[in-house]
Amino acid sequence: MATALVTGASAGIGKSFAEQLAARGHDLVVVARDEARLTDLRTRLEDGHGVAVEVVTADLSERLDVQDVADRLADPARPIDLLVNNAGYSLGSPFLENDVVDEEHLLAVLVRAPLVLSHAAARAMRRRGHGAIVNVSSVAGFLATGTYAAAKSYVTTFSESLAAELAGSGVTVTALCPGLTRTEFHERAGIRGQGLPDALWLDADTVVRQCLDDVDRGRVVSVPGVQYKAAVGLLDVLPRGVARSRAFRRRHRPGT
């Protein structure tokens, strides 16, 4: 039976990944800071799907906690077949209005953690000749809307680079780039979404379902939703200055 490790599994997109992978028959290692939520999730998934669920409590802004998860990924006696780097958040304020320490913590979770965990997982998977990595990025990474967008741009480009390095090894890498998705993410970031049409919002379960289908197809970049596929395609051909436009940024605030 395959085993998947999901970070940020206690809520939102990460929780949906855990639920859908359990429904597919995957054993799970679920990682987040909230032990109570993870324990509840383990009980529901084990009772509902008959899979084994391991709980790892970790704060991925802390390097030692990241290393604990990396060591679990590298353990040859307990192989991980699918890594989902999903943990993340946004500060919800412009760069210069935030304390730089908070910005550093954000960078640690959004950039350093996926880098370290992908390194550990990819090496272990390449040795075995199979496996998959999903790095949850964002449509925001195609825009210039702050440090969250900059971090997600890194995640997408990093995923594409790693996918090319692993080509032919039996290991795939997919950058998941959703747009606005109804989860706790925006509430925690202080982004209410007033005035945004319902057509812009995605459902977390649909996002994950489409991503897993793209993983099965070996796609390197997964953009769920026709509206966001169209937006990303348009950004590819528009002058880069459009991504920096204040008017564009006010109208389009994609994030996961």
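With which residue does Glu54 form a salt bridge, and how far apart are the closest N and O atoms? In this predicted model, the partner of Glu54 is Arg78, and the closest N and O atoms of the pair are 3.6 Å apart. Glu54 belongs to strand 3, which covers residues 53-57, whereas Arg78 sits in the loop between helix 3 (63-74) and strand 4 (82-85), so the salt bridge ties together parts of the chain that are 24 residues apart in sequence. Neither end of this pair is classed as buried, because Glu54 has a relative accessibility of 27% and counts as partly exposed, while Arg78, with a relative accessible area of 39%, is likewise partly exposed.

The pair formed by Glu54 and Arg78 belongs to a wider set, for the structure holds nine salt bridges. Side chains of opposite charge can pair when their charged atoms come close. Arg78 also forms a salt bridge with Asp75, and in that case the closest N and O atoms are 2.9 Å apart. Another salt bridge joins Arg219 to Asp214, with the closest N and O atoms 2.9 Å apart. The two ends of this bridge differ in their exposure, because Arg219 counts as partly exposed at 41% relative accessibility, whereas Asp214 is buried, with a relative accessible area of 7%. Some of the salt bridges share partners, and in this way Glu54, Arg72, Asp75 and Arg78 are joined into one network.

Charge also appears in a grouping of another kind, since Arg123, Arg126, Arg127 and Arg128 form a positive surface patch. Among these residues, Arg123 is placed in helix 4, which spans residues 100-128, and Arg123 counts as partly exposed at a relative accessibility of 46%. Arg126 lies in helix 4 as well, and with a relative accessible area of 45% Arg126 is also partly exposed. The chain brings Arg126 and Gly168 to a C-alpha separation of 9.8 Å, although the two residues are 42 residues apart along the chain.

The cysteines can be considered next, and here the question is how many disulfides are counted. The count comes to zero, and the distances between the sulfur atoms show why: a disulfide requires a pair of cysteine sulfur atoms within 2.5 Å, but the sulfur of Cys177 is 9.4 Å from the closest cysteine sulfur, that of Cys211, which is too far for a bond. Seen from the other side, the cysteine sulfur closest to that of Cys211 is the one in Cys177, and the distance of 9.4 Å is again too far for a bond. Both residues are nevertheless shielded by the protein, as Cys177 is buried at 0% relative accessibility and Cys211 is buried with a relative accessible area of 0%.

Further buried positions are found in the helices, including Ser159, which lies in helix 5 (residues 147-165). Ser159 has a relative accessibility of 0% and therefore counts as buried. In sequence Ser159 and Val221 are 62 residues apart, yet in space their C-alpha atoms are 8.3 Å apart. A second example is Leu212, which is located in helix 7, a helix made up of residues 204-217. Leu212 is buried, because its relative accessible area is 3%, and the C-alpha atoms of Leu212 and Leu176, 36 residues apart along the chain, are separated by 9.5 Å.

Glu19 offers a case from another helix, as its place is in helix 1, which runs over residues 12-23. Is Glu19 buried or partly exposed? With a relative accessibility of 25%, Glu19 counts as partly exposed, because the class of buried residues is limited to those under 20% relative accessible area. Glu19 and Ala9 are 10 residues apart in sequence, and from C-alpha to C-alpha they are 9.3 Å apart in space.

Notes. Residues numbered from 1 in each chain as written. Predicted model: local features only at pLDDT ≥ 70, side-chain atom pairs only at ≥ 80, totals over all residues. Heavy atoms only, no water. Buried < 20%, exposed > 50% of the residue type's maximum accessible area, 1.4 Å probe, protein only. Salt bridge = Lys/Arg side-chain N within 4 Å of Asp/Glu carboxyl O. Helix = DSSP H or I, 4+ residues; strand = E, 2+ residues; numbered from the N terminus. Patch = residues over 30% accessible without salt bridge, like charges linked within 9 Å, V, L, I, M, F, W, Y side chains within 5 Å. Areas by Shrake-Rupley, 256 points an atom, 1.4 Å probe, with all protein chains shown as cover. Lys, Arg positive; Asp, Glu negative; His and termini not counted. Charge placed at Lys NZ, Arg CZ, Asp CG, Glu CD.
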